[in-house]
Amino acid sequence: MTGREVQQVRSFNRFYTNLIGALDYGRHLYTPYTLTEARVLYEISHGHRVDAADLRSSLSLDAGYLSRLLTRFEEGGLITRGPSERDGRRQRITLTEHGRATADLLEERSRDSAGTLLKRLPGPDRSRLLESMTAIRELLGDTPKHPAPVLRLRDPEPGDLGWMVQRNAVLYAREYGFDLSYEALVARIVAEYAERHAPLWDRTWIAELGGERVGAVMCVRDGIEALPQETGGTPPSTARLRLLLVEPEARGRGVGQALVSACVGFAREAGYRELVLWTNSVLSAARVLYERAGFELTAEKPHHSFGRELVGQDWRLPL
């Protein structure tokens, strides 16, 4: 090792931190958060049952600094803290609805920033850059110890439809404060599918990561309450996307995008002329997925449902 080699490493570090805006991260991504704050939010949003001790270890942060940062997050309504389920002496960190929306916004802007960087390069140079980044991570010890879990979409098996009802009810109560009337709605939708689905027109996907269920979605006839023979044999023209669900620990791994893409692809192959969906404005992460898939917001209407004041949204994708 020579002094020149050391200087090359330091020079590269200065160049790259300036390139990604690490010294002024908030201004770089037009957010009020520093790079460290954004990274902590990222770890909380992508982790499963995150404890403060986990954050200190994974991010190599000083305990006092992390405590002050988490206090600011709590005062800003981004997180809640409580006893860990694994160890009562530890603090469990959970994102609030506002915190989840903030983390999703940071993730979207960070992804857009990286995409803008890559767009500047022609294909061959982009490949060289990515290969070099992989080599740096491997040589400096950032190689994953285990292969990334494989994402798989499959048809539902016995027990999966019940799991969809249970997970929808739990997650929407925890993240959005929905009451039992939402679970009742999901149960009716799932029961209707089980009783009346026609394989030619209706389908459900279960997403698995490493063999664990992490998401689901349905694509059904708009008006599935009528059996196929009751429509007089007329092919349906409109499909409806329903019950898109991604578990918190699987978010940011392409699960939601894969489920939406599967739904759109099936609707096209089945011969539908349009794909529609109804959702609520508080589901900001889902909105990003719908916009990327080409859906357009066609109507909004305030309503009181599931124990909340909400704004319902209709989305449409011409096929």
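Begin with the sheet of this predicted model: three strands make up an open sheet, ordered S1-S3-S2, with antiparallel pairing. Select residues 50-51 and 79-83 to display the edge strands, S1 and S2, each of which pairs on one side only.

Next, add residues 91-95, strand S3, which pairs with S2 in the antiparallel sense over five bridges. Within this pairing, pick Thr80 and then Thr94 in S3, its bridge partner.

Now bring in the helices that cover the sheet in this tour. Helix H3 packs on the sheet and touches S1, S2 and S3, its direction making about 95 degrees with that of S3. Helix H5 also packs on the sheet; it touches S2 and S3, and its direction makes about 120 degrees with that of S2.

Select residues 35-46 to show H3 together with H5: their axes come within 11 Å and cross at roughly 75 degrees. Angles of 65 to 115 degrees count as roughly perpendicular, and H3 and H5 are therefore roughly perpendicular to each other. To inspect the contact, display Thr36, Glu37, Val40, Leu41 and Ile44 on the H3 side, and Tyr65, Leu66, Leu69, Leu70, Arg72 and Phe73 on the H5 side. These residues comprise eight nonpolar, one polar and two charged.

Finally, centre the view on Leu70, in helix H5 (residues 63-75). Is Leu70 buried or exposed? Its relative accessible area is 1%, under the 20% limit, so Leu70 is buried. Apart from neighbours within four places in sequence, Leu70 contacts Val40, Ile44, Ala52, Leu55, Ile79, Arg81 and Ile93. A distance drawn between the C-alpha atoms of Leu70 and Leu41, 29 residues apart along the chain, gives 9.7 Å.

Notes. Residues are numbered from 1 along each chain as its sequence is written. This is a predicted model: local features need pLDDT of at least 70, side-chain atom pairs count only at pLDDT 80 or more; totals for chains, interfaces and linings use all residues. Side-chain values use heavy atoms; hydrogens and water are left out. Helices (H or I, at least four residues) and strands (E, at least two) are DSSP runs, numbered from the N terminus. Buried means under 20% relative accessible area, exposed over 50%, partly exposed in between (1.4 Å probe, protein chains only). Contact means heavy atoms within 4.5 Å. Axes are lines fitted to C-alpha atoms, for helices over the stretch in contact, and angles run from 0 to 180 degrees between N-to-C directions. Angles under 35 degrees count as roughly parallel, over 145 as roughly antiparallel, 65 to 115 as roughly perpendicular and the rest as oblique. Ala, Val, Leu, Ile, Met, Phe, Trp, Tyr, Cys and Pro count as nonpolar, Asp, Glu, Lys and Arg as charged, and the others, Gly among them, as polar. Two strands pair if DSSP finds at least two bridges between them.
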